[in-house]
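Student: Could you take me through one part of this model up close? I'd like to start with how the strands pair up and then move on to the ligand site.

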Amino acid sequence: MEKLASLGGTPVRNTPLFYGHQFIDDDDIQSVVNVLKSDYLTCGPEIEYVEQKLCEITQANYAVVMSNGTAALHAACFAANIQPGDEIITTPITFAASANCILYCGAKAVFADIELDTYNISPTAIEKCITDKTKAIIAVDFTGQAVKINDIKAICDQYNLLFIEDAAHSIGTRYQGKSIGSLADMTTFSFHPVKTVTAGEGGAVTTNDPKQYEQLKLFRAHGITREAPLMQANPQPWWYEQIDLGYNYRMSDMQAALLSSQLNKLPRFSKRRKEISAYYNQQFSAVPSIIPQVNIPESDTTPHLYVLHLDLNQLNTSRDEIFHALWAENICSNVHYIPVYTHPYYKRLGYPSNLCPNAEQLFSSIVSLPLYYGLSDQDVDDVVHAVKKVLAYYAL
Ligand SMILES: *Cc1c(COP(=O)(O)O)cnc(C)c1O
């Protein structure tokens with residue numbers, strides 16, 4: 001048995017590996033520099049260009065880029081006309097933004113539990129949460145795996161709800177052969193540097209509905225329009241009207257150019273992420289203390305996160321000690337996610353503990369391993385080595 005680095009042994013590697021990292025090459029840099037030398041740093045041609053590209057990739061009719069993924073979620077809630085008094089159902093296993101956007105609109109976030117095998121929101125749990133105030137579902141493709149879109153759509157049809165898909169993790173994923181981005185009523189994306197493609201900061205909403213498209217564009221720019229049919233008057237070419245309350249959620253042209261360049265690499269990024277994730281699955285299949293994530297056959301997943309689900313019944317320690325032991329080996333794992341309603345702010349709003357038992361159980365037994373395009377085969381083998389080393393030491 002190898003001596004763990006956390007107990008004074010030699011670490012598996014000398015340099016730290018984090019769970020995610022952007023990949024930026026000379027093409028990306030040149031595309032940003034080109035914008036810096038051009039006339040438009042914002043509101044320029046790169047915005048429409050990248051929106052067109054997103055439409056091609058997602059097969060959606062419309063795409064509206066935003067300053068970040070949280071702004072995209074907020075805009076989608078606005079376009080869904082979410083109001084105080086409405087209830088919106090979402091998952092607790094997500095980044096806080098998926099629920100915060102509901103609160104921004106004065107509505108109530110209702111948390112439906114996850115499935116313990118896929119880690120995604122459970123359609124059965126969703127149905128139990130529906131009341132006559134329910135207006136929409138915000139489902140998150142956690143780790144990149146598509147949620148059970150057909151089941152959620154059927155629920156939305158039956159109860160007349162809007163389906164917003166938070167696809168911050170799932171760009172490049174296909175569901176029954178169709179690209180994520182054209183299947184829900186609205187789909188939101190994030191282009192934060194840890195995500196599969198990055199704009200530095202950035203987000204987008206895709207939709208097939210022309211009215212939602214207008215609303216999204218309004219919301220991105222203060223609620224101001226220059227489009228004649230939307231205005232009460234139109235006396236001069238310089239005239240514009242604020243017809244709703246929006247924000248400044250614009251993406252700059254530098255970010256849009258970076259995003260365009262990154263989107264060109266999506267097939268490569270996707271292939272490598274699938275490769276690494278499949279290799280982890282294969283390497284871990286014989287480790288008794290690891291519970292594999294179930295991937296539904298409908299989802300051809302481009303994985304964003306690799307969540308290692310520990311069977312704590314097979315280990316004589318806690319997740320936290322495994323986490324520390326991996327860090328000591330220079331495998332700097334992370335935890336995705338703390339159930340949203342257990343944060344102090346949400347507790348203050350009155351959410352009880354153990355609201356979603358599956359979410360809490362999953363949370364107590366997971367770590368996210370490094371997964372990104374730039375990992376070398378040696379890096380990946382170091383991760384496998386460290387995981388096997390640490391779990392062998394703590395095996396019952
Ligand atoms: C990253 C993320 C967001 C927020 O995106 P930002 O671009 O960081 O604002 C929302 N939802 C999920 C699931 C995310 O992972």
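Tutor: Sure, and keep in mind that this is a predicted model. Let's begin with strand S15, residues 306-310, which pairs with S17 in the antiparallel sense over four bridges. If you want one pair to click on, take Val307: its bridge partner in S17 is Ser368. Zoom out a bit and you'll see that S15 and S17 belong to an open sheet of three strands, ordered S13-S15-S17, with antiparallel pairing. The edges of that sheet are strand S13 (290-291) and strand S17 (366-369), each of which pairs on one side only.

There's another open sheet to look at, again with three strands, and here the order is S8-S7-S14 with antiparallel pairing. Its edge strands are S8 (178-179) and S14 (299-300), and each of these pairs on one side only. Strand S7, residues 174-175, is joined to S14 by two bridges, and the two strands run antiparallel. For a pair to pick out on screen, go to Tyr175, whose bridge partner in S14 is Ser299.

Now for the ligand. The space it takes is the second largest pocket. There are 16 residues around the ligand, and the ones that come nearest are Gly69, Thr70, Asp166, Ser190 and Lys195. Sorted by type, the shell splits into six nonpolar, eight polar and two charged residues.

Which helices help to build that shell? Helix H3 (69-79) and helix H4 (97-104) each supply at least two of its residues. H3 gives the most, with three residues.

Next, the polar atoms, where you'll probably want to check distances in your own viewer. At Gly69 the backbone does the job: one of its N or O atoms lies 2.7 Å from an oxygen atom of the ligand. Asp166 uses its side chain instead, with a polar atom 2.8 Å from a nitrogen atom of the ligand. Then there's Tyr337, where an N or O atom in the side chain is 3.2 Å from an oxygen atom of the ligand. As for how much of the ligand is covered, taken alone it exposes 380 Å², and the protein buries 93% of that.

So if you're setting up views, I'd make one for the S15 and S17 pairing with its four bridges, and another for the ligand with Gly69, Asp166 and Tyr337 shown as sticks.

Terms used
Residues are numbered from 1 along each chain as its sequence is written. This is a predicted model: local features need pLDDT of at least 70, side-chain atom pairs count only at pLDDT 80 or more; totals for chains, interfaces and linings use all residues. Side-chain values use heavy atoms; hydrogens and water are left out. A residue is near a molecule or strand if one of its heavy atoms lies within 4 Å of it. A polar contact is a pair of N or O atoms within 3.5 Å; within protein, one must be able to donate a hydrogen and the other to accept it, and residues adjacent in sequence count only if both atoms are side-chain atoms. Accessible areas come from the Shrake-Rupley method with a 1.4 Å probe; for residues, only the protein chains shown count as cover. On a 1 Å grid over the protein atoms alone, a cavity is a set of points where a 1.4 Å probe fits but cannot get out, and a pocket is an open set with protein on both sides within 12 Å along at least five of seven lines; lining residues have an atom within 4 Å of a point. A molecule sits in a cavity or pocket if more than half of its atoms lie within 2 Å of its grid points. Ala, Val, Leu, Ile, Met, Phe, Trp, Tyr, Cys and Pro count as nonpolar, Asp, Glu, Lys and Arg as charged, and the others, Gly among them, as polar. Two strands pair if DSSP finds at least two bridges between them.
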